[in-house]
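Biologist: Please take a close look at one residue for me. Then walk on from there through the rest of the model, and keep it clear enough for a first-year student.

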Amino acid sequence: MNKKILLVVAVLALIVGFFYFGLNDLLTLEGLKGSMAQFDQYKADSPLLIMGGFFLLYVFVTALSLPGAAILTLAAGALFGLVQGLLVASFASSIGATLAFLTSRYLLRDTIQQRFFDRLTSIDKGIKKEGAFYLFTLRLVPIFPFFIINLLMGLTAIKTWTFYWVSQIGMLAGTFVYVNAGTQLAQIDSLSGILSFNLIVSFALLGFFPLIAKGILNLLKKRRVYKNYTKPKKFDRNMIVIGACAGGLVTSYIAATVKAKVTLIEAGEMGGDCLNYGCVPSKALIKSAKVAEQMRHGERYGLDNTEPQFAFKNIMTRIHKIIADIAPNDSVERYTNLGVDVLKGYATFVDPWTIEIALNDGGIQRLTARTIVIATGARPFVPDLPGLKDTGYVTSDTMWEKFSKLDVPPKKLVVLGGGPIGSELAQAFARLGSAVTQIERGARLLKKEDIDVSNLAHQVLVESGVNVLTLHQAIRCEARGGKKYIIVEPLITSQNKQEIAIEYDELLCAVGRTARLEGYGLEALGIETKRKMIDTDDYLETLYPNIYAAGDVVGPYLFTHVASHQAWYAAVNGLFGHLKKFKVDYRVIPWTTFIDPEVARVGLNEQEAMEKGIDFEVTHYDFKDLDRAVSDSANYGFIKVITPKGKDKILGVTIVAEHAGDFMSEFILAMKHGLGLNKILGTIHMYPTWAEGNKYVAGEWKRNHAPEKVLNLLEKYHTWRRG
């Protein structure tokens with residue numbers, strides 16, 4: 001028999017026995033008074049035995065959350081006096097509470113976590129940070145039934161030792177009141193007389209003490225952080241924003257919208273990496289490459305196969321024109337018209353409120369602000385690979401300028417990295433005619449996705465002409481006879497460890513991105529970094545309560561849309577945090593990898609759900625059956641939805657298809673607002689569109705959960721109706 005079932009049976013048996021043998025009658029005020037004379041006699045005969053037995057009874061009652069703990073606390077005072085009674089009741093109640101806590105954790109936590117994973121994760125995050133504080137506050141106020149606290153805390157991630165010692169200290173005041181009352185047992189007519197209204201109010205006020213103490217500690221902490229600086233009496237600006245990437249642009253826009261005086265500082269191009277080096281140019285390149293691929297395989301559409309003829313410079317010219325067409329949306333002129341004071345220059349912290357700007361056109365300017373937001377973004381990470389600098393390389397930032405000078409795409413291109421950026425660019429250049437070799441140290445491409453998604457990505461890149469080398473470690477780069485080579489070594493133990501030399505004309509480093517932290521004076525201020533990013537709290541505050549950070553410089557998700565999302569919190573908390581602060585909501589974060597077909601995801605996938613121990617199920621729909629996909633000759637890929645066992649709540653969705661990022665929005669909205677697959681199934685979807693796949697996967701879930709017994713009865717009913 002399952003150990004949990006045995007424990008449940010044992011607990012139920014003890015509870016039934018407690019009531020069957022009438023122990024509950026003893027644990028009333030009348031029962032206690034009627035038994036005191038006999039207890040006193042027992043105590044006189046065997047004091048240690050009685051004290052030990054009383055201690056165990058108290059632990060037993062508390063551990064099983066039985067009624068009577070208050071009576072036992074009175075009895076402790078009546079039997080053993082104030083000092084001994086307080087010791088016995090205090091330790092017995094804390095030990096019993098801890099046993100109840102452990103029982104709840106063992107029996108219920110896994111089940112509750114599987115059903116309410118998102119909520120419990122959020123609670124656990126707060127508990128890990130300030131669980132002792134929350135528990136101590138609850139223990140001080142006897143309005144909250146202690147047995148409920150024991151059971152609920154068992155569902156959280158608070159450590160057992162923390163629960164015990166906080167309970168030991170926190171329950172001491174209430175225990176003292178009852179034990180002291182027990183020393184005057186004869187004068188007590190009811191339990192309500194012990195906790196009078198005034199005493200309850202006093203305890204409630206006592207419960208506010210930790211909150212007040214926390215506020216005082218936070219105030220002292222702020223004063224300690226600022227102790228070496230003199231705060232200006234007046235400020236030039238309400239807010240200064242450093243960096244005109246997505247996070248900085250949106251932050252400054254929101255600040256200007258609510259009529260704050262805000263200055264945005266940017267040394268480079270407005271729009272940051274996304275406009276100038278990342279999202280926009282890469283998607284323009286991917287589109288050109290896709291058209292070239294469609295021309296090459298025209299027979300798929302009833303056309304002749306045609307080898308595309310093009311000048312690579314024209315493709316690069318188109319890319320730069322697209323950047324120029326979008327640039328006015330992020331321009332100095334637009335943001336100036338919106339009310340933002342834009343300064344082109346390099347910003348450095350002088351103190352927590354003062355920024356010095358080395359202006360691009362010469363000169364130095366200093367500004368003070370009550371709030372400062374750091375939105376300096378990230379740049380490509382370049383590995384310390386021997387010979388790399390000598391042979392030369394490009395990144396997703398620098399390739400656009402260098403490649404604009406080429407008449408043809410690089411003949412031999414090595415892409416270092418198997419993540420989204422490397423995979424997108426590897427496929428695009430292969431379709432444009434480059435001989436592309438993609439090197440990934442790990443076992444598969446797109447390692448954050450499920451294995452079936454990684455396998456499909458691998459397959460389509462190979463079909464596009466990419467030579468994909470997974471489980472290969474780059475060792476060094478070197479030049480031989482006027483040619484450049486990267487030397488790699490297989491990591492599979494069964495293979496020969498002989499080095500492999502791969503010739504290339506250009507090498508693209510796409511192994512990740514790292515936050516821009518240097519040169520802004522953060523080190524002098526002592527602003528902490530974690531995982532090479534700025535360390536902030538849940539409100540995006542740094543070490544200094546008036547300095548915030550948003551976007552790639554913070555993480556944990558390096559996406560433009562997440563930076564824009566964080567920007568709202570940075571702006572609102574920075575301007576109005578003294579009145580009300582808002583925690584950043586990361587519950588529903590979507591992203592897309594723009595290979596062809598696209599890989600879009602929101603929420604959990606299978607491997608993450610398994611890592612978190614969630615009891616889940618997968619509903620799968622294949623696009624080979626979708627009319628629009630068939631019409632477009634693109635009926636490959638799938639939708640995969642993760643839900644709790646037996647429920648239609650959406651925990652995560654992965655879509656692999658053309659336009660996957662576009663029709664993922666319905667699932668994002670559903671998850672954000674708690675709508676399940678039944679709601680999607682009941683929504684009209686236009687025909688013929690890719691979005692119909694969303695309805696069909698919901699239909700698959702419904703079919704898998706059809707009420708068979710009801711359907712059997714209906715079949716019999718219809719048979720009867722036919723006569």
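Modeller: Let's start with Asn694. In this predicted model, Asn694 counts as buried because its relative accessibility is 0%, and buried means under 20%. The residue sits in helix α27, which covers residues 692-704. What does Asn694 touch, leaving out residues up to four places away in sequence? Its contacts are Ile639, Ile655, Phe663, Glu666, Phe667, Ile680 and His685. Click through them one by one in the viewer.

Now turn to the surface. Val83 is the opposite case: its relative accessibility is 62%, so it counts as exposed. Val83 belongs to helix α5. It is also one of the residues in a nonpolar surface patch of about 660 Å². The other members are Leu82, Leu87, Phe91, Ile95, Leu99, Leu102 and Phe176. Which element gives the most to this patch? Helix α5, residues 69-115, does, with seven residues.

Next, the salt bridges. The structure holds 32 of them. Take Glu658 and Lys290. Their side chains meet in a salt bridge, with N to O at 3.7 Å. Glu658 is in the loop between β23 (652-657) and α24 (660-663), while Lys290 is in helix α13 (residues 279-296), so this pair ties together parts that are 368 residues apart in sequence. Are the two partners buried or exposed? Glu658 has a relative accessible area of 10%, so it is buried. Lys290, at 19% relative accessibility, counts as buried as well. The cut-off is under 20%.

Another salt bridge joins Asp397 and Arg516, whose closest N and O atoms are 3.7 Å apart. This pair also links distant parts of the chain, 119 residues apart. Asp397 lies in the loop between β7 and α17 (399-403). Arg516 lies in the loop between β15 (513-515) and α20 (522-525). Both Asp397 and Arg516 are buried. They do not stand alone: salt bridges that share partners join Asp273, Asp397, Arg513 and Arg516 into one network.

Glu478 and Arg480 form a salt bridge too, and here the closest N and O atoms are 2.4 Å apart. Arg480 counts as partly exposed because its relative accessibility is 40%.

On to the cysteines. A disulfide is a covalent bond between the sulfur atoms of two cysteines. How many disulfides does a search of the whole structure find? It finds zero. Why does Cys245 not form one? The cysteine sulfur closest to its own belongs to Cys274, and at 9.6 Å that is too far for a bond. A disulfide needs the two sulfur atoms within 2.5 Å. Cys245 is buried, because its relative accessibility is 15%. Cys279, with a relative accessible area of 32%, is partly exposed.

Now the strands. Find an open sheet of five strands with parallel pairing. The order across it is β7-β14-β8-β9-β10. The edges are β7 (394-395) and β10 (467-470); each has a single partner strand, so one side of each has no neighbour in the sheet. Inside this order, β8 (residues 412-416) pairs with β9 (residues 435-440) over five parallel bridges. One thing to look for is Leu413, whose bridge partner in β9 is Val436. Strand β9 is mostly covered, with five of its six residues buried.

Last, look for antiparallel pairing. Strands β3 (residues 341-351) and β4 (residues 354-359) run antiparallel and share six bridges. A hairpin of two residues connects β3 to β4. Thr348 faces Glu356 of β4, standing opposite it. Then follow β4 to its next pairing, with strand β5 (residues 364-374). These two strands are also antiparallel, with five bridges between them. Here Thr354 stands opposite Thr368 in β5. Where does a positive phi turn up in the hairpin of β4 and β5? At Gly362, with a value near 100°. This hairpin has four residues between its strands.

Definitions and conventions: Residues numbered from 1 in each chain as written. Predicted model: local features only at pLDDT ≥ 70, side-chain atom pairs only at ≥ 80, totals over all residues. Heavy atoms only, no water. Patch = residues over 30% accessible without salt bridge, like charges linked within 9 Å, V, L, I, M, F, W, Y side chains within 5 Å. Areas by Shrake-Rupley, 256 points an atom, 1.4 Å probe, with all protein chains shown as cover. Salt bridge = Lys/Arg side-chain N within 4 Å of Asp/Glu carboxyl O. Buried < 20%, exposed > 50% of the residue type's maximum accessible area, 1.4 Å probe, protein only. Contact = heavy atoms within 4.5 Å. Pairing = 2+ DSSP bridges.
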